[in-house]
Amino acid sequence: EAEASSYVAPGAGQDKKVHASVRLDFELLGQRGVQPWKGVFGELLWLQDGSQYNARLALKVMWKTIRSQTSVGRIDAGGIAPERFSETRKSELASHLVRGEGKVVFSNNAPNVPLLPGGQDRLSVVMQLGALMAGDPARYPEGSRIPIQTVGPREAGIWTFLVEGNERIEVPLGQYEVQRLSRTPRNEYDYKLELWLAPEVGYLPVRIKLT
């Protein structure tokens, strides 16, 4: 509760540039336990028409999807405003961001939680960070922290992203100057998320690392 009371919507009153529709294909390296994944690739599909959006991140083996996240919602003055997030492995779990009532409702019957201004989900947050940085890059120098309420399939919390500065990386598409951001886990079983956003392509994520 103390965390929520001190929360300020990221980018409040600032210009945002939400990226146009795009599909990104990712070469994927990973492992579960000690077993490396083989033959897995990723696809991020982002579709938007200026008022609504639909996003899907899928991990595939051959052409079979083994894991996916979807996010649907609106585009408004605050940037991206998700309304439904789902995560599918063997089954689907969903979260509903009910903006008119200021609450998040979970499909697994977990207790509702308040939806804070500028709240995102685990997929939309990646594109919203790009929209914030594209809208006003000078606002986020190295060392800046960007707190965003981030909704998962079972819970919601404040994810704080640290702007770690610029670097140059090489990916299958080529070499890019990127802005690196990271979100440090807050407990033993939490996610560490690292993003490399490329200004040259509208701050799209050219590399994503989830630990």
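Student: Which element gives the largest share of the largest nonpolar core?
Tutor: In this predicted model, where local features need pLDDT of at least 70, side-chain atom pairs count only at pLDDT 80 or more, and totals for chains, interfaces and linings use all residues, the largest nonpolar core has 17 residues, and Leu129, Met133, Ile146, Phe161, Leu181, Leu195 and Leu197 touch the most other members. Such a core is a set of buried Ala, Val, Leu, Ile, Met, Phe, Trp, Tyr and Cys residues joined through side-chain atoms within 4.5 Å, with buried meaning under 20% relative accessible area, exposed over 50% and partly exposed in between (1.4 Å probe, protein chains only). Two or more residues each come from α2 (124–135), β12 (145–151), β13 (156–171) and β15 (193–198), these being DSSP runs numbered from the N terminus (helices H or I, at least four residues; strands E, at least two). The largest share, six residues, belongs to α2.

Student: Which residues of α2 does Leu197 touch?
Tutor: Residues are numbered from 1 along each chain as its sequence is written, and side-chain values use heavy atoms, with hydrogens and water left out. Contact means heavy atoms within 4.5 Å, and residues up to four places away in sequence are not counted for Leu197. The partners of Leu197 include Glu177, Val178, Leu181 and Tyr203, while those within α2 (124–135) are Leu129, Gly130 and Met133.

Student: Which are the edge strands of the six-stranded open sheet?
Tutor: The order is β11-β12-β13-β14-β15-β16, with mixed pairing, where two strands pair if DSSP finds at least two bridges between them. Each edge strand pairs on one side only, and the two are β11 (120–121) and β16 (204–210).

Student: Which residue stands opposite Arg168 in β14?
Tutor: Strands β13 and β14 (residues 174–183) run antiparallel and are joined by ten bridges. Opposite Arg168 in β14 stands Glu177.

Student: How are the rings of Trp46 and Tyr53 arranged, stacked or tilted?
Tutor: Rings of Phe, Tyr and Trp (its six-membered ring) pair if their centres lie within 6.5 Å, and planes under 30 degrees apart count as stacked, over 60 as edge-to-face and the rest as tilted. By this rule there are two aromatic pairs. Because the rings of Trp46 and Tyr53 have centres 5.0 Å apart and planes at 25°, the pair is stacked.

Student: What is the angle between the ring planes of Trp159 and Phe161?
Tutor: Trp159 and Phe161 are both buried. Their ring centres lie 6.4 Å apart, and the pair counts as tilted because the planes stand at 55°.
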